[in-house]
Amino acid sequence: MIVDAHTHVGRGIARTEYSQFDASPEWLINQMDKSGVDKAVIFPVFHPVFRHGNEEVAEAVRRYPNRFIGFAGVQMNCRKHGLEDVKYGLDVLGLRGVGELKPTNLSPNVLLPILGAIEKRGVPANFHTSVRLADYIAKRFPKLIVILAHMGWNDPHAITVAKERANLYLDTSTVSLDLIKQAVEKLGAEKILFGSDAPFIYQYPELKKIEVLPITDAEKRLILSENLMRILEEGG
Ligand SMILES: [Zn+2]
């Protein structure tokens, strides 16, 4: 089985170049079928408040329960909205994780209560952030499974830090083949998750990167599905 740990669904209301992408559930399933991907973790696209985006994700999961695993977006830069997104996305809509989180307001009064609320619910969190901040979060919230998207933008230091923190994982989206290979050698395949970032990044070549790696089939299986499924089972 192949599971993509990092995709997006929905149109959102972002007024950016990304809004031109058709991130409908059907578009994504079509890409998955072409790429040979069985299931995908879906995040919403970008919203100032994620209520509507999380509803889009929950609706996509309702329609395609065998293809999608829904994660909730959380507004990380406002305590009130962030806590609302956590409650509504996880407690009401029943989504199984949070992502892709982009904390830029590092005020402890904002960041810590939101992260505390996520940790309390025992679900994994995918972060699009720096290695340094991911390290801080993983240390401060040891029960929270922290997945660092893009290995902190191809940062080799992510490997060292993920080795130190038992709860810190890395996703392979946009990461160079060479750096993924290094990560498997130095960190172990158990801490690495295949992710593409479709529709913003082409899914098929992202998957091919893992398939052509000179590693064992057992290591590939961990990266391509087993690690994520284990995290979701343990996280509840
Ligand atoms: Zn993404």
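These questions and answers concern a predicted model of one protein chain.

Author: Local features here need pLDDT of at least 70, side-chain atom pairs count only at pLDDT 80 or more, and totals for chains, interfaces and linings use all residues. Residues are numbered from 1 along each chain as its sequence is written.

Reader: What makes the protein chain as compact as a globular protein of that length?

Author: The chain has 10 helices and 8 strands. Helices (H or I, at least four residues) and strands (E, at least two) are DSSP runs, numbered from the N terminus. The radius of gyration is 16 Å, close to the 18 Å of the globule rule for 236 residues, so the chain is as compact as a globular protein of that length. The radius is taken over C-alpha atoms; the rule is 2.2 Å times the number of residues to the power 0.38.

Reader: Why are the buried residues of helix 5 said to line one face?

Author: They are Val 131, Ala 134, Asp 135, Ile 137 and Ala 138. Seen down the helix axis, they fall within an arc of 165°, so they line one face. The arc is that of the directions from the axis to the C-beta atoms. Buried means 20 or more other C-beta atoms within 10 Å of the residue's own, with C-beta atoms placed from the backbone (exposed: 12 or fewer; partly exposed: in between).

Reader: How do you know that strand 1 and strand 2 pair?

Author: Pairing needs at least two DSSP bridges. Strands 1 and 2 have 5, in the parallel sense. His 8 has Phe 43 in strand 2 as its bridge partner.

Reader: Why is one side of strand 1 left without a neighbour in the sheet?

Author: The open sheet has the order 1-2-3. Strand 1 stands at an edge with a single partner strand, so one side is left without a neighbour.
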